[in-house]
Amino acid sequence: MARKFSKISQKAFESMQFNAGIVVNKFDVTGETEVQDADIITATTGGITATCKANFTDLGEDVDNAQKNTAELMQIEDYDCTLAFTALNVTTDVIKLALGAADVSDKKVTPRMTLDPTASTGDFKDIWWVGDTLDGGMVAVRLMNALSTGGLTLKTTDKGKGNIAVTLTGCPRLGSDVVPMEWYYSPKAAA
């Protein structure tokens, strides 16, 4: 029996994302600049999870005779955008990133009780995840104003690798309605 609804289009196949990808400090979505080793934040294990979820309010929820989840009465309050991964490198940079608010001096990382909101040098940083697609293209996620909200847990194993679970949350700037996550897809350029 022929299965007429069990096909996949060539475009769908070619645009599939594969492999874990990399977590980097900066990325050129035009493809004109290669990723430099210095921009790769860490080696990872177990893959990377990017999540961007809208939080809705149903303004008609308590209105008599209004149907629940009526399109015209739904409102987006904000978004929860996160990037989660398990880092295999236990460097001062990874420890600082996982702590969220910390200072690094020499070989020591010291957690801080206050956040530094300075755009270019503070605790909030843009972090990228970049992965491959089967067509030779790329998919990328930019988490803006990323801050670790998962804390730091170093897990070690007998005769195995140590790792640090990292959960970063995109934080909108005060007075901004910009969602702190952007997604990019670019197929391989035709030769």
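## Close-ups of salt bridges and aromatic rings

**View 1. Arg112 and its acidic partner Asp103.** Arg112 counts as partly exposed here, because its relative accessibility comes to 23%, and buried would need a value under 20%. This is a predicted model, so read the distances and accessibilities in these legends as computed from it. Arg112 makes a salt bridge with Asp103, with 3.0 Å between the closest N and O atoms. Asp103 is partly exposed too, given its relative accessible area of 40%.

**View 2. Asp123 meets Arg112 in a salt bridge.** The N to O distance for this pair of side chains is 2.8 Å. Asp123 and Arg112 sit 11 residues apart, and each belongs to the loop between E6 and E7, with strand E6 covering 108–111. Is Asp123 buried or exposed? Asp123 is buried, because its relative accessible area is just 7%, with the cut-off for buried set at under 20%. Step back a little and you'll find a salt-bridge network that links Lys96, Asp103, Arg112 and Asp123.

**View 3. Asp126 and Arg142 bridge two strands.** Here the side chains come to 2.6 Å, N to O, in a salt bridge. The partners are 16 residues apart in the chain: Asp126 is in strand E7, while Arg142 is in strand E8, which runs over residues 138–148. With 25% relative accessibility, Asp126 counts as partly exposed, and Arg142 falls in that class at 22%. For the tally, the structure has six salt bridges, including this one.

**View 4. Phe27 and Trp128, a tilted aromatic pair.** Over to the rings: the structure has two aromatic pairs. In the one between Phe27 and Trp128, the centres are 5.7 Å apart and the planes make an angle of 55°. This contact ties together distant parts of the chain, 101 residues apart, with Phe27 in the loop between strands E1 (17–24) and E2 (40–42) and Trp128 in strand E7, residues 125–133. Phe27 and Trp128 are both buried. For Trp128 that label follows because its relative accessibility is 8%.

**View 5. Trp128 and Tyr184, another tilted pair.** What separates these rings, centre to centre? The distance is 5.6 Å, and the planes are 35° apart. Again the contact joins distant parts of the chain: Trp128 in strand E7 and Tyr184 in strand E11 (residues 181–186), 56 residues apart. Tyr184 is partly exposed, with 25% relative accessible area, whereas Trp128 is buried. Taken together, the ring pairs gather Phe27, Trp128 and Tyr184 into a cluster.

Technical notes
Residues numbered from 1 in each chain as written. Predicted model: local features only at pLDDT ≥ 70, side-chain atom pairs only at ≥ 80, totals over all residues. Heavy atoms only, no water. Phe/Tyr/Trp six-rings, centres within 6.5 Å; stacked < 30°, edge-to-face > 60°. Helix = DSSP H or I, 4+ residues; strand = E, 2+ residues; numbered from the N terminus. Buried < 20%, exposed > 50% of the residue type's maximum accessible area, 1.4 Å probe, protein only. Salt bridge = Lys/Arg side-chain N within 4 Å of Asp/Glu carboxyl O.
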